[in-house]
Amino acid sequence: MALSEKHKMLTGELYLASDPELQADSAATMAWLARYNAKLGLSQAERNQVLGERLAAVGKGVVVRSPFHCDYGFNISLGDGVFINFNCVILDVVAVSIGDKTQIGPGVQILTADHPRDAGERESGLEFGRPVSIGRNVWIGAGALILPGVTVGDDALIGAGSVVTRDVPAGAKVAGNPARVLD
């Protein structure tokens, strides 16, 4: 029996995003995002209830400011006390985990979606994902980009506007493009 494109996507294999099941999941997420982003007048508890309808996990005391954008939502896990500021984008074709007490500045992008380096494979429409894991008590400054496959250790700090292409050790401070550990 052939594996579904969704199964391939979730396991980090090459898959076709144009697959009807994935397109239906994407459409459902877009409808959910429109509803979530329109709920500014609700209490945080009510907004978190809506987050819980789509995200894999929503811890206690989470704040996600609108507008918020994601691919599917069901691959995103947020720990207790996570704060995500305005205009965050999470491309979650595979797992994105964000640990307790992590703070994410406005305009941050967390990207798991990736594309083949071979031009022929890329032209065929195939893509794949690499999970992103962000530890607890991390601070990610405004406009930072976290690229596919990156792990950020607990208590790390990522400077505003940084492009994080490699794993960040626990407790490290990184900044720049590409982000480098600061002395």
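1. Helices here are DSSP runs of H or I with at least four residues, numbered from the N terminus, and in this predicted model one of them, helix H3, is where Arg54 is placed. Arg54 is buried and yet has no salt bridge, the nearest side chain of opposite charge being that of Asp25, at 4.7 Å; a salt bridge would require a side-chain nitrogen of Lys or Arg within 4 Å of a carboxyl oxygen, so this pair does not count as one.

2. What, then, does the side chain of Arg54 reach at 3.1 Å? The partner is the backbone oxygen of Asp25, and a further polar contact, at 2.8 Å, links the Arg54 side chain with the side chain of Thr29. Once neighbours within four places in sequence are left aside, the residues in contact with Arg54 are Asp25, Ala28, Thr29, Trp32, Tyr72, Gly73 and Phe74.

3. An open sheet of seven strands, with mixed pairing, follows the order S3-S6-S9-S14-S17-S19-S20. Its edges are formed by strand S3 (63–64) and strand S20 (179–181), and because each has a single partner strand, one side of each is left without a neighbour in the sheet. Within this order, strand S6 (residues 83–84) and strand S9 (residues 103–104) run parallel and are joined by two bridges, with Ile84 standing opposite Ile104.

4. Strand S7 (residues 88–91) deserves separate attention. Strand S4 (residues 68–70) pairs with S7 in the parallel sense over three bridges, His69 having Val89 as its bridge partner, while strand S10 (residues 109–111) also runs parallel to S7 and is joined to it by three bridges, with Ile110 as the partner of Ile90. In a regular strand, side chains alternate between the two faces of the sheet. In S7, Cys88 and Ile90 make up the covered face, whereas Val89 and Leu91 make up the uncovered one.

5. The largest nonpolar core has 36 residues, and those with the most contacts inside it are Phe68, Leu78, Ile90, Ile98, Ile110 and Ile140. Two or more residues each are given to this core by helix H2 (20–37), helix H3 (44–54), S4, strand S5 (76–78), S7, strand S8 (96–98) and strand S13 (132–134), and H2 provides the largest share, three residues. Apart from this core lies another, of seven residues, including Met9, Tyr15, Tyr72 and Val93.

6. Leu78 can be followed in more detail: not counting residues up to four places away in sequence, Leu78 touches Leu55, Ala57, Val58, Gly59, Val62, Val64, Ile84 and Ile98. Of these, Ile98 is also listed with Leu78 among the residues with the most contacts inside the largest core, and Ile84 is the residue that stands opposite Ile104 in S9.

How values were computed:
Residues are numbered from 1 along each chain as its sequence is written. This is a predicted model: local features need pLDDT of at least 70, side-chain atom pairs count only at pLDDT 80 or more; totals for chains, interfaces and linings use all residues. Side-chain values use heavy atoms; hydrogens and water are left out. Two strands pair if DSSP finds at least two bridges between them. Buried means under 20% relative accessible area, exposed over 50%, partly exposed in between (1.4 Å probe, protein chains only). A nonpolar core is a set of buried Ala, Val, Leu, Ile, Met, Phe, Trp, Tyr and Cys residues joined through side-chain atoms within 4.5 Å. Contact means heavy atoms within 4.5 Å. Lys and Arg count as positive and Asp and Glu as negative; His and the chain ends are not counted. A polar contact is a pair of N or O atoms within 3.5 Å; within protein, one must be able to donate a hydrogen and the other to accept it, and residues adjacent in sequence count only if both atoms are side-chain atoms.
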